[in-house]
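Reader: I am a first-year student, and I would like to go through a structure slowly, one question at a time. Could we start as soon as it is on the page?

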Amino acid sequence: MSAALVVENLGVRYGGVTALRDVSLSVDEGQILTVLGANGAGKTSMLRGISGLVSSTGTVTHHGRTLGRLDAAARARAGLGHVLEGRHVFPDLTVRENLHLGSLLSPKPAEGVERALALLPELEEMAGRKAGRLSGGQQQMLAIARAISGSPSVLLLDEPTNGLAPMLVQRTIDVIGAIQELGVAVLLVEQRVEVAQALGSEVLVLQRGEVVGTAHGTDDDLEDRIHTAYLA
Ligand SMILES: Nc1ncnc2c1ncn2[C@@H]1O[C@H](COP(=O)(O)OP(=O)(O)OP(=O)(O)O)[C@@H](O)[C@H]1O
Ligand SMILES: [Mg+2]
């Protein structure tokens with residue numbers, strides 16, 4: 001397996017506030033790495049630094065290519081997909097139009113939309129509806145599908161299960177597993193330990209902007225360890 005994404009010594013500052021310090025990680029093709037951390041731990045800042053939405057220090061390498069000089073749009077075109085925190089869809093566009101816009105990042109846009117609908121066939125029946133009319137959970141699914149329609153080789157997911165009902169949490173877990181099966185490298189940010197457990201993924205624990213531990217979703221004591229980190 002080869003590393004699709006390598007992050008070395010990533011740092012993010014907002015003025016005088018250090019949100020992230022010296023974070024290093026690597027995700028292979030077809031691998032899921034889950035970063036668990038409490039509110040304010042720096043999870044979103046980490047993903048934004050990687051995708052170029054905020055400026056950062058350190059290096060980000062995508063399939064051996066250093067991305068330092070590329071802005072966020074160029075990183076997206078290069079194959080870095082990013083599903084932002086919250087449900088960012090275009091509310092006045094239909095589901096299909098949202099997917100079409102996402103697919104423009106793909107070298108073969110028509111295949112991108114098909115790929116997204118194959119992954120989330122439940123979107124097919126609402127393809128003509130305005131995205132703003134969908135439920136929160138459906139919008140979250142659409143946000144994931146839109147990213148997939150761009151045929152990314154690396155997918156950054158920012159708390160995709162946040163605020164979802166238990167059935168949709170399970171659906172999201174299944175979808176992330178299916179994305180992994182496509183060979184995509186998935187960097188998943190979560191607060192829910194059970195998502196990492198269900199996916200059986202590698203885990204990094206982020207606390208106050210720094211990686212304070214590594215674990216595995218199948219570790220028996222994962223919940224206790226994360227709970228301790230969240231309280232610290
Ligand atoms: N635009 C900003 N300006 C100043 N400080 C910020 C900004 N965005 C985030 N921060 C600070 O950076 C730190 C990390 O925030 P970040 O949003 O990355 O954490 P998070 O782990 O994603 O939290 P959450 O679980 O609430 O989404 C926090 O202390 C936060 O207050
Ligand atoms: Mg966040």
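Reader: Which residue in strand 10 is the bridge partner of glutamine 207?

Author: This is a predicted model, in which local features need pLDDT of at least 70, side-chain atom pairs count only at pLDDT 80 or more, and totals for chains, interfaces and linings use all residues. Residues are numbered from 1 along each chain as its sequence is written, chains are lettered from A and ligands numbered from 1 in the order in which they are written, and side-chain values use heavy atoms, with hydrogens and water left out. Strand 9 (residues 202-207) and strand 10 run antiparallel and are joined by six bridges, where strands (E, at least two residues) and helices (H or I, at least four) are DSSP runs numbered from the N terminus. In strand 10, the partner of glutamine 207 is glutamate 210.

Reader: In what order do the six strands of the open sheet lie?

Author: Two strands pair if DSSP finds at least two bridges between them, and the pairing in this open sheet is mixed. The edge strands, each pairing on one side only, are strand 6 (80-83) and strand 10 (210-216). The order of the six strands is 6-7-8-3-9-10.

Reader: At about what angle does helix 6 run to strand 8?

Author: Helix 6 (residues 166-181) packs on the sheet and touches strand 3, strand 7 and strand 8, a contact being heavy atoms within 4.5 Å. Angles run from 0 to 180 degrees between N-to-C directions, and axes are lines fitted to C-alpha atoms, for helices over the stretch in contact. The direction of helix 6 makes with that of strand 8 an angle of about 155°.

Reader: Is aspartate 28 buried or exposed?

Author: Aspartate 28 belongs to strand 2 (residues 17-28), and its C-alpha atom is separated by 9.8 Å from that of leucine 187, 159 residues apart along the chain. Buried means under 20% relative accessible area, exposed over 50%, and partly exposed in between (1.4 Å probe, protein chains only). Because its relative accessible area is 18%, aspartate 28 is buried.

Reader: At roughly what angle do the axes of helix 4 and helix 5 cross?

Author: Helix 4 (residues 109-119) meets helix 5 (residues 136-149) with axes that come within 7 Å. Among the residues in this contact are Val113 and Leu119 in helix 4, and Ala145 and Ile148 in helix 5. The axes cross at roughly 140°.
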